[in-house]
Amino acid sequence: MTPNQHEQQQPQSQFENFTASTLYCQKCRATTPVRERLLLVLPDKEIFDYLCTECGSSVGQREVTAGEKMMTEAVRSRRQQVRIPLRSLR
Ligand SMILES: [Zn+2]
């Protein structure tokens with residue numbers, strides 16, 4: 001499955017508080033901005049849920065281990081355990 005990822009010019013200001021990524025939403029049949037929600041906090045990792053901002057359905061999840069989290073915050077690495085590539089703000 002390779003959804004077309006169009007370059008879309010979208011106002012980002014509305015989503016400043018979120019991780020402004022876009023994922024393909026099967027319900028909307030489009031690549032939509034997603035909202036990151038902390039789903040579960042475990043001793044060694046955190047699980048984030050990605051919700052479509054259009055319809056609110058879950059479009060993906062991501063696990064962040066403690067080490068990864070530190071790394072992600074440090075260098076914004078792309079070592080995310082999610083099958084769908086997330087597009088970061090940069
Ligand atoms: Zn949607």
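Start by selecting Cys28: at 30% relative accessibility, this cysteine counts as partly exposed, because the partly exposed class lies between the 20% limit for buried and the 50% limit for exposed. The model on screen is predicted.

**The zinc site**

Keep Cys28 selected and add Cys25, Cys52 and Cys55, together with the zinc ion. The SG atoms of these four cysteines coordinate the ion at 2.3 to 2.4 Å. Seen from the metal, the four donor atoms subtend angles of 105 to 114°, which makes the arrangement tetrahedral. For comparison, the ideal angle for four tetrahedral donors is 109.5 degrees. In sequence, the donor residues follow the spacing C-x2-C-x23-C-x2-C. The pair Cys28 and Cys52 links distant parts of the chain, 24 residues apart: Cys28 lies in the loop between strand S1 (21-25) and strand S2 (30-41), while Cys52 belongs to strand S3 (residues 45-52).

Now colour the two cysteines of this pair by accessibility. Cys52 is buried, with a relative accessible area of 3%, whereas Cys28 is partly exposed at 30%. A search for disulfides returns nothing, as the structure holds zero of them.

**The whole chain**

Zoom out and switch to a cartoon. The protein chain has one helix and four strands, and along the sequence these follow the pattern β-β-β-β-α. Of its 90 residues, 30% count as buried. The chain exposes about 6,800 Å², and carbon and sulfur atoms supply 47% of that area. Taking contacts between residues at least 6 apart in sequence, 27% join residues at least 24 apart.

**S1 and the turn into S2**

Select S1 next. Four of the five residues of S1 are buried, so this strand is largely enclosed by the rest of the structure. S1 runs antiparallel to S2, and five bridges join the two. To see one pairing, show Ser21, which stands opposite Val34 in S2.

Move to the loop between S1 and S2, where Arg29 is found. Which sign does phi of Arg29 take? The value is positive, near 55°, in a residue other than glycine. The hairpin of S1 and S2 that contains Arg29 has four residues between the strands. Arg29 has a relative accessible area of 70% and is therefore exposed.

**S2, S3 and the loop between them**

Select S2 and S3 together. The two strands run antiparallel and are joined by seven bridges. Show Leu38 and then Phe48 in S3, its bridge partner. The hairpin that joins S2 to S3 does so through three residues.

Pro43 sits in this loop between S2 and S3. Is Pro43 buried or exposed? With a relative accessible area of 86%, Pro43 is exposed. Draw a distance from the C-alpha atom of Pro43 to that of Thr65: the two are separated by 9.2 Å, and the residues are 22 apart along the chain.

Then hide S2 and leave S3 on screen. Seven of the eight residues of S3 are buried, so this strand is largely enclosed by the rest of the structure. Cys52, one of the zinc donors, lies in S3.

**S3 and S4**

Bring in strand S4 (residues 58-65), which runs antiparallel to S3 and is joined to it by seven bridges. Two pairings are worth showing here. Ile47 has Glu63 in S4 as its bridge partner, and Glu46 stands opposite Val64 in S4.

Finish at the hairpin of S3 and S4. Five residues lie between the strands, and Gly56 takes a positive phi near 85°. Selecting Cys55 as well brings the view back to the zinc ion, since Cys55 (SG) is among its donors.

Notes: Residues are numbered from 1 along each chain as its sequence is written. This is a predicted model: local features need pLDDT of at least 70, side-chain atom pairs count only at pLDDT 80 or more; totals for chains, interfaces and linings use all residues. Side-chain values use heavy atoms; hydrogens and water are left out. A disulfide is a pair of cysteine sulfur atoms within 2.5 Å. Buried means under 20% relative accessible area, exposed over 50%, partly exposed in between (1.4 Å probe, protein chains only). Donors are N, O and S atoms within 2.8 Å of the metal (3.2 Å for Na, K and Ca); water is not among the atoms, so sites may look incomplete. Four donors count as tetrahedral if all angles lie between 85 and 135 degrees; four count as square planar and six as octahedral if opposite donors are over 155 degrees apart and all others between 65 and 115; anything else is irregular. Two strands pair if DSSP finds at least two bridges between them. Contact means heavy atoms within 4.5 Å. Accessible areas come from the Shrake-Rupley method with a 1.4 Å probe; for residues, only the protein chains shown count as cover.
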